[in-house]
Amino acid sequence: MTAAASVVDILAIAAHRDDVEQTCGGTLLKMRALGLETGILDLTRGEAGSRGTAEQRAAEAEEAGRILGVSWRQALDLPDGRVENTYENRLKIVRVLRELRPRVVILPYWQARHPDHATSATLGYEACFLSGLARVDTSAEPHRPYKVIYASLYADVRPSFVVDITPYAEQRYRSLMAYRSQYANVAQAGNLFVPEEEIRERTFAEARHYGQLAGLRYAEPFVQKEVGLVEDLMLLPVASL
């Protein structure tokens with residue numbers, strides 16, 4: 001039987017609408033520029049957030065996805081603030097993986113301040129494994145992504161590698177600012193949020209920090225659990241001295 005074709009090449013999975021824009025939006029932009037199809041799966045709808053409504057965040061996510069050039073974006077119905085690694089929730093992600101058939105999946109790093117983020121890392125990984133089991137019946141062909149990587153921007157960990165997003169830093173920032181309910185200066189929960197005028201400075205400073213690690217201007221960091229493979233020492237990027 002011929003394997004079904006991929007709908008997207010790279011799928012970013014995150015707990016909340018705007019997580020992807022913060023942690024790997026520039027990478028999705030770069031991959032899109034390389035001709036790859038990209039997608040985003042938000043696990044929750046933002047109904048428990050301190051600002052905005054689920055309906056507002058849906059509209060903002062649609063606009064942000066347009067800015068990022070993704071070809072597919074949807075949200076599951078996992079409870080915001082109560083993401084749990086259950087078999088039922090894994091199956092919800094499996095159905096998406098088998099529909100889209102991505103080669104690469106980007107997950108949040110597995111250690112995080114927000115419990116939803118940490119849980120989503122494990123939930124997403126186990127769903128990727130489950131998706132490849134032929135006897136798990138979802139009325140779709142089994143599919144297991146080839147590569148799982150973790151967006152580690154907010155983790156206190158040295159990245160396995162970084163992606164140069166220098167040409168896309170401004171566009172990445174615009175995708176984040178599409179979430180006006182979250183980042184515009186409003187009185188509601190103002191003590192919990194960074195003032196709008198500081199968001200740009202922080203966003204670019206973080207990207208600058210990770211860029212400098214590899215001699216770049218702006219970059220996004222990632223962690224992989226497996227050992228990397230090098231075929232030609234002469235082609236290793238990033239100078240040692």
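## A nonpolar surface patch

Val230, Leu233 and Leu236 make up a nonpolar patch on the surface. Together the three residues offer about 310 Å² of accessible area. The model is predicted.

Take leucine 233 from this patch. Leucine 233 sits in the segment after strand E7, which spans 219–223. Its relative accessible area is 68%. Leucine 233 is therefore exposed, since exposed means over 50%.

## The chain as a whole

The chain has eight helices and seven strands. Its radius of gyration is 18 Å. The globule rule gives 18 Å for 241 residues, so the chain is as compact as a globular protein of that length. Along the principal axes, the C-alpha atoms fill a box of roughly 55 × 50 × 30 Å.

Of the 241 residues, 48% count as buried. The accessible surface of the chain comes to about 12700 Å². Carbon and sulfur atoms account for 51% of that surface. Now consider contacts in the chain with a separation of 6 or more. Residues 24 or more positions apart supply 80% of them.

## Salt bridges across the sequence

The structure holds 10 salt bridges. One of them joins lysine 92 and aspartate 77, with the closest N and O atoms 2.8 Å apart. Lysine 92 belongs to helix H4, residues 87–100. Aspartate 77 lies in the loop between strand E3 (72–75) and H4. The pair therefore ties together parts that are 15 residues apart in sequence. Aspartate 77 has 46% relative accessibility, so this residue counts as partly exposed.

Glutamate 226 and lysine 147 form another salt bridge, and here the closest N and O atoms are 2.5 Å apart. Glutamate 226 lies in the segment after E7, while lysine 147 is in strand E5 (residues 147–151). This bridge therefore links parts that are 79 residues apart in sequence. With a relative accessible area of 34%, glutamate 226 is partly exposed.

## A buried charged pair

Arginine 172 forms a salt bridge with glutamate 220. Their closest N and O atoms are 2.6 Å apart. Arginine 172 is in helix H6 (residues 169–177) and glutamate 220 is in strand E7, so the pair ties together parts that are 48 residues apart in sequence.

Are these two partners buried or exposed? Arginine 172 has 4% relative accessibility and counts as buried. Glutamate 220 has a relative accessible area of 0%, and is buried too. The cut-off for buried is under 20%. Elsewhere, salt bridges that share partners join Glu21, Asp42 and Arg73 into one network.

## Aromatic pairs

The count of aromatic pairs comes to five. Among them is the pair of tryptophan 110 and tyrosine 150, which is edge-to-face. Their centres are 4.8 Å apart, with 90° between the planes. Where do the partners lie? Tryptophan 110 is in the loop between strand E4 (104–108) and helix H5 (115–130). Tyrosine 150 is in strand E5. The pair therefore ties together parts that are 40 residues apart in sequence.

The partners are covered to different degrees: tryptophan 110 is partly exposed at 28% relative accessibility, whereas tyrosine 150 is buried at 2%. Tyr109 joins Trp110 and Tyr150 in one aromatic cluster.

Methods. Residues numbered from 1 in each chain as written. Predicted model: local features only at pLDDT ≥ 70, side-chain atom pairs only at ≥ 80, totals over all residues. Heavy atoms only, no water. Patch = residues over 30% accessible without salt bridge, like charges linked within 9 Å, V, L, I, M, F, W, Y side chains within 5 Å. Areas by Shrake-Rupley, 256 points an atom, 1.4 Å probe, with all protein chains shown as cover. Salt bridge = Lys/Arg side-chain N within 4 Å of Asp/Glu carboxyl O. Helix = DSSP H or I, 4+ residues; strand = E, 2+ residues; numbered from the N terminus. Buried < 20%, exposed > 50% of the residue type's maximum accessible area, 1.4 Å probe, protein only. Rg over C-alpha atoms; globule rule 2.2 N^0.38 Å. Contact = heavy atoms within 4.5 Å. Phe/Tyr/Trp six-rings, centres within 6.5 Å; stacked < 30°, edge-to-face > 60°.
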